[in-house]
Amino acid sequence: MTASTMVGVICTPPRNRRQPGLVSLVIPMFNERDGLDALFQEISKIQKDIASPLEVVCIDDGSSDGTFDALCQREEPYIRAFKFSRNFGKEVALSAGLDMCTGDVVIPVDADLQEPPTLIVQMLAEWRKGFDVVFAVRKNREHDTKSKRITAGLFYKVFNLISESKIPENSGDFRLMDKAVVDVIRRMPERNRFMKGLLTWPGFSTTEIYFDRPERHAGGSKWTPLKLLGLAVGGLISFSNLPLRIATICGGVVSTLAFFFAIYVVIRYLLLGDPVQGYASLMTAIAFFAGMQLLALGTLGEYIGRIYIESKRRPLYIISEIHDNMEE
């Protein structure tokens, strides 16, 4: 089979692993200026333990606090900074970081230090054993609110139930990926990007390590409840058409029941002369089924909206400035 007729991808990770030629950290940033000192202090602490050259790819996602200028002033030789022309969102910033990095292993890291960089040494040890993906899984979510713990747990269970791509519960974007895995992710062209799903979709051999998630060292979360809800809905719709099937099944069941109930009412009227009664129950039934119709239409609209976005073929992101200490 020639390459032009293939419908799949050939990506073969290396089997004999000793030391990666280059380790890439990918860090999306949005208004993180105040936390840069602490972040790079932690990264510098592990540089010797990694024992491989390091590059830190920082994607400034349209910050308004001067994050990119602060990155340009730093002297760490491993910093490569890219500035978006505006805020495109964390999922897109992470995608850009994967496009820009050049390492043999790639590790997305949050700038808030809730995912300790010290775990990277342990991740590399698992990679040398032959695992292509090493998940960092939180032991608990004690620093989250009760409502967030409940909704997050419910999301993971629903997502893993309806999707072919399984996400380990309590794992985020923090994970080690072999270059072969990243090469597969780079070939995914969709504009609606739910990165936890996309990072998991390629498969490959995986393992997990566990850690206690510390509190945020500075600032607050940029994720509002509304943004989290939008991310969760987008993730469920991006990786499964089960909501459409549920709407179809519900429509079929309700229509069938309504058909037989109509026959029952007609027969009862013809044989017993008993007219239809119950205005309140009738209005309740109408309101219920109208709500179901709107829900089904809304679900269908979500899918159509995503097709519309994909059809525009706009660039996923725009990089307006680049600062690369590794080239200087």
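**A strand, a helix and two cysteines**

Strands β5 and β7 run parallel and are joined by 6 bridges; strands here are DSSP runs of E with at least two residues, helices are runs of H or I with at least four, and both are numbered from the N terminus. This is a predicted model, where local features need pLDDT of at least 70, side-chain atom pairs count only at pLDDT 80 or more, and totals for chains, interfaces and linings use all residues. Residues are numbered from 1 along each chain as its sequence is written, and side-chain values use heavy atoms, leaving out hydrogens and water.

Let's stay with β5. Along its pairing with β7, V137 stands opposite Y210. β5 also pairs with β6, this time in the antiparallel sense over 4 bridges (pairing takes at least two DSSP bridges), and there V134 faces L176. In a regular strand, side chains alternate between the two faces of the sheet. In β5 both faces are covered: V133, F135 and V137 are buried on one side, and V134, A136 and R138 on the other. Buried means under 20% relative accessible area, exposed over 50%, and partly exposed in between, with a 1.4 Å probe and protein chains only.

Now for helix α4, residues 119–128, where L119, I120, M123, L124, E126 and W127 are buried. Seen down the axis, these buried residues fall within an arc of 160°, so they line one face of the helix (the arc is taken from the directions from the axis to the C-beta atoms). Their cover includes β1, α1 and β5, with contact meaning heavy atoms within 4.5 Å.

Finally, why are there 0 disulfides? A disulfide needs two cysteine sulfurs within 2.5 Å, but the sulfur of C58 is 10 Å from the closest one, in C72, too far for a bond.
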